[in-house]
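The following exercises are to be worked with the sequence and the model at hand. Each task is followed by a solution in steps.

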Amino acid sequence: MKRFVFIPFSLLFIFTVFCSAQDLNGEQIMERALNKSSWKDMVGQVRLILTNSRHEQRIRKIKMFNRKRNKDESDMLMRFVAPADVKGTGFLIIEHKNSDDDRYLYLPALRRVKRIASSGKGGNFMASDFTYYDIGKPKLKGWKYKRLKDEKIDSFDCYTIECIPATAEIARDTGYGKIIRWIRKDILVTIRSEYYDRGLRLFKKLNVPEIQKISGVWFQTDMIMQDIQNNHQSEMIFTDIKVNRNIPASFFSQRYLQRGK
Amino acid sequence: MIKYTQKVVKHPWAAIGIIILFTLVFAYFMRFIKMDPDITSSLPKNIPAKLLYDRMTKIFPSRDFILIAVESDHLFSPATLQTLYQITEHLEDLPDVYSVMSPTNLKVIRGSEQGMEVKSILKSPPSTLEDVNRFRQVLFHSDLPIENIISKDRRMAGIMVFLKNTVKPEDAAAQIVDYVNRLKTKDHVYVTGKPVLTLYLGRGMSRDMGMLFPGVILLIILILLFSFRNVRGILLPLSVVLISVLWTIGLMAMLGVPISHSTNMLPILLSSIAVADGIHIINHYLNQARPGMSSTQIILKVMEELNAPVIITSVTTAFGFLALNASNISSVGDLGIFTATGVIFAMIFSLTFIPAALALMKPPKQTVKQKKTRLLNTLAVKYADLIINHKNWVLSFIVLVIIFSILGFPRIKLENNTISNFPKDHPARLDYEHINRHFAGTTFLSIMVEGDSSGQMKEPRVLQQMADLETYLKDQPHVGGTLSLADFIRRMNKVMHADDSTYDRIPPEVATEHGTDWVLENGKWIQKEISFKVPGREVIAQYLQLYEMSGKPDDFANLVDYRYKTARINAFIDTESSNTLRTLDHKTRKYIKTHFNSARVELTGTSELFLAINDLVVSGQFYSILVSLVLVILVTSVLFRSLILGLLNVIPLLFAMIFNFGFMGWAHIHLNIVTMLTSSIAIGVGVDYAVHLIHRYQWEYKNTEGPEAMRLTIIHAGVPILLNAITVGLGFAILAFSIFTGVEQMGILISLAMFTSCFGAIAILPVIFLFYRFKAIKHGGNS
């Protein structure tokens, strides 16, 4: 009897998923992916591994603090742990929805906080292959979405979404002419992306070999960004992620950046 | 040996068939022949200079650069800068290009209110005069080394195009030169740099091949026509020439040996040499023909006499060329090996193809050659009498020539210069000279600074010594500018101290800095100014960190390796003169020895490769002369079964060489990678004349004694020797029509050497034999 009830129910479930998946357009999928349940703040360790075309590496260890100020804006503080000659260096990003972000660097050798002139979202994040745009949360507005044929990536069913900047301004700011994202259907996490330059030539590839669910939130805990054109690669590995620790707002200030208090 | 000839004339079609079959195979391979005009690629891989250069190539992503210069009366105008901006953007997008450094894409480091910013000098092409003025202001206050992107008179803008190490520089140069030529602009655009020179060198070589080879073939046809005045007399030796050149080039293609600046001359050398045997054989054939004899009979008679001399002269010539391998320069060695192979090919065809073909033809009608021969013979008789009756005068003349030549020796200059090898009005030379006159220079000396551990290049002491070395280099003549990581650190240090020019230096080991600290006062956090000491290394590392915040991952890749273990200083030099480079090299090494102790320092770059070639030219010259003389002495001693005769045999060659070097000294012809070939080639080819003379003298000596034997020798051997020298000498003289000065000079030198070694054989040797009697002459004569 139990079985009897179960079958139509699950059928119904499959049917609705199928239906909804069929119905959703690119923008709706993106919207769902961006607005899925998330964290208020997080702390974690990052290992940033840069590899050049000769397979030489630069490894930085960073402690990272992140907080969502509101739905569209967040603050980020990073503190270098290694290499030794930049230990203690701090980096603060205050994101702004309608203007350029504020970026500050604290240099312990000079005991000064330096403002970093914004190079737009397309600037390289700490000389890596990730741009500020890549590491930030994508904004839904300003892009046109097109749903392409679903694909299976690493045995996961994925939506394939083509994102095209809606204005020349956004293209210039981000440096991209097109992005294709593969978003896992089951958990709505991007596990692969391709970035095209403004001339629509393939520029970079993002692979996410590892995702983890921490306190109910999915994190991309290993991201590999390959610059196809320059044969350069950057990998970010996250460990010790903790979420919703109620980090105070004063944490993301210039004083805290310098003092650590 | 005659058995071989018998076989050949018995089955002429088989012999010809085999040759044609092989010819088809080699002709097929000929299309795969490669060109490699780059002189530096012929350096041996295992010499220190080359190893170092290759190591540098592995550490830094770009090595070669092309400099494009745009000249305009209104350089700082929106229109010109827009053009410049577009050219720069286009070049940046080329797949062969690693990076572009241009006035319009320069990354400037500027002080900002609260720190430092790294920004492209222009976001978009300037459209108003205001934009232009702002651009100009920033450019000239950037503190960046702009000597290679803005000319001294500020009328030209330079665009440095760095090529990826993975591409073939001359191919990239072809693309860029093509692009520049297609540019529709009123302004004059110049292009130069090593890749461009290599490209033009290759094009010049192709042109030489296309012009000189037909030239030498035409000359051969004329000589043959003059000598024989019949079709077979022209066709048969000509076929030998063409087939041996074809086989040789085909073989080179098969083995992947490229046509280089040296092997480029091979077709001309080989043609001139290869025709000689054919001339001998045809000449004899026509002389020996008597009514009633069949072709086969004549040819057997001729070959019985000629097989030996053809083999002997070919083998000695081949050995002479093989001696070129004593130089370590691979392209020169290739020229030696393949010319030697070609000479042997020519010998085989002369002994196979010509008899086989003649056997298939009807015997010749009696030719009307008597008159000409008689004229030459009377001249020969007069000449022989002159030598014998005035041997003292001849001897004094020879001694005078030798003294005069030796006086020229100290005047010989050793100089390799790719530029002066081009004609004065060649676009490659004009552009090179124009650009190098107005910019820092396109030849570079790279100074590699190698540490033992990662991060060592951030040490203040290392950077300070690098900065000092740059200052020293900039004071040297012909050094137009330098570029290194130290320049950027100095700039950053200045910018970070409110553009105070006293901070335009590398931070010291322990820097005193002024910063702020947050202190809690009355429960409030306030900022206070403080002064403190900090290791310079940390200051530098954090400047770089700050730079990286707005830079790209590979911004400094060409100046310092990824782990800051190895850095390099590039010094730009406005000349390719090996003598200037040598002086700079010596001074720099001396300076480094006394002033640089914070890391290991090595000198490399194109300038060092040129010097390495120069060294090899000197040692190669010495060894190849030595080896070819020893080989010739050995071969001829065996041949004559007498060491004395072997030694006597090289006297005409020694004379030719003494004259050659004396002439070079007096005529201001530089000894370089091309002209160095002269002596070895002259030995290889010129040895034949002495062999002929001594051989004939031994033969005449059997019947007559004393001066009379010499008289007969000169009369009988003198004419063929002289004719041979004229043929070969004229053939080599074709090289004088090359577009390259070096090849042109070599053509003249070898032609001269042919005549001097011929003179040595028919004047010096007779005089020596008239003064001294050698037992060996008596013993021999039966070989």
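**Exercise 1. A helix pair in chain B**

Is the crossing of α22(B) and α24(B) left-handed or right-handed? Determine also how the two helices are oriented and which residues join them.

*Solution.* The structure is a predicted model.

Step 1. Helix α22 of chain B covers residues 677-701 and helix α24 of chain B covers residues 741-771; they pack at an angle of about 30°, with their axes 9 Å apart. Because angles under 35 degrees count as roughly parallel, α22(B) is roughly parallel to α24(B).

Step 2. The handedness of the crossing of α22(B) and α24(B) is right-handed.

Step 3. On the side of α22(B), the contact includes L677(B), I681(B), V685(B), Y689(B) and L693(B). On the side of α24(B), M746(B), I750(B), A753(B), S757(B) and A761(B) are among the residues that take part. By class, the contact of α22(B) with α24(B) comprises 18 nonpolar and four polar residues, and no charged ones.

**Exercise 2. A second partner of α24(B)**

At what angle do helix α13 of chain B and α24(B) pack? Classify the arrangement and list the residues in contact.

*Solution.* Step 1. Helix α13(B), residues 391-408, and α24(B) pack at an angle of about 125°, and their axes are 10 Å apart. This angle makes α13(B) oblique to α24(B).

Step 2. The crossing of α13(B) and α24(B) is left-handed.

Step 3. K391(B), V394(B), L395(B) and I398(B) of α13(B) meet A763(B), I764(B), V767(B) and L770(B) of α24(B). The contact of α13(B) with α24(B) has seven nonpolar residues, one charged residue and no polar ones.

**Exercise 3. An open sheet in chain B**

In what order do the four strands of the open sheet in chain B stand, and which strands are at its edges?

*Solution.* Step 1. The order is β3-β6-β2-β7 (chain B), with antiparallel pairing.

Step 2. β3 (97-101) and β7 (188-192) of chain B each have a single partner strand, so one side of each lacks a neighbour in the sheet; these are the edge strands. On average, neighbouring strands of this sheet are turned by 20° against each other, direction ignored.

Step 3. β3(B) and strand β6 of chain B (residues 156-164) run antiparallel and are joined by four bridges. S99(B) has F162(B) as its bridge partner in β6(B).

Step 4. Helix α14 of chain B (residues 427-438) packs on the sheet and touches β2 (62-71), β6 and β7 of chain B. The direction of α14 makes about 95° with that of β7(B).

**Exercise 4. Consecutive strand pairings in chain A**

How many bridges join strand β7 of chain A to strand β8 of chain A? Follow the pairing onward from β8(A).

*Solution.* Step 1. Nine bridges link β7(A), residues 143-153, to β8(A), residues 156-165, and the two strands run antiparallel. Within this pairing, E151(A) has C158(A) of β8(A) as its bridge partner.

Step 2. The hairpin of β7(A) and β8(A) has two residues between the strands, and D154(A) there takes a positive phi near 50°.

Step 3. β8(A) is joined by six bridges to strand β9 of chain A (residues 178-184), again in an antiparallel arrangement. T160(A) stands opposite W182(A) in β9(A).

Conventions: Residues are numbered from 1 along each chain as its sequence is written. Chains are lettered from A and ligands numbered from 1 in the order in which they are written. This is a predicted model: local features need pLDDT of at least 70, side-chain atom pairs count only at pLDDT 80 or more; totals for chains, interfaces and linings use all residues. Axes are lines fitted to C-alpha atoms, for helices over the stretch in contact, and angles run from 0 to 180 degrees between N-to-C directions. Angles under 35 degrees count as roughly parallel, over 145 as roughly antiparallel, 65 to 115 as roughly perpendicular and the rest as oblique. A crossing is left-handed if the near helix is turned anticlockwise from the far one by less than a right angle, and right-handed if clockwise. Two residues are in contact if their C-beta atoms, placed from the backbone, lie within 7 Å. Ala, Val, Leu, Ile, Met, Phe, Trp, Tyr, Cys and Pro count as nonpolar, Asp, Glu, Lys and Arg as charged, and the others, Gly among them, as polar. Two strands pair if DSSP finds at least two bridges between them.
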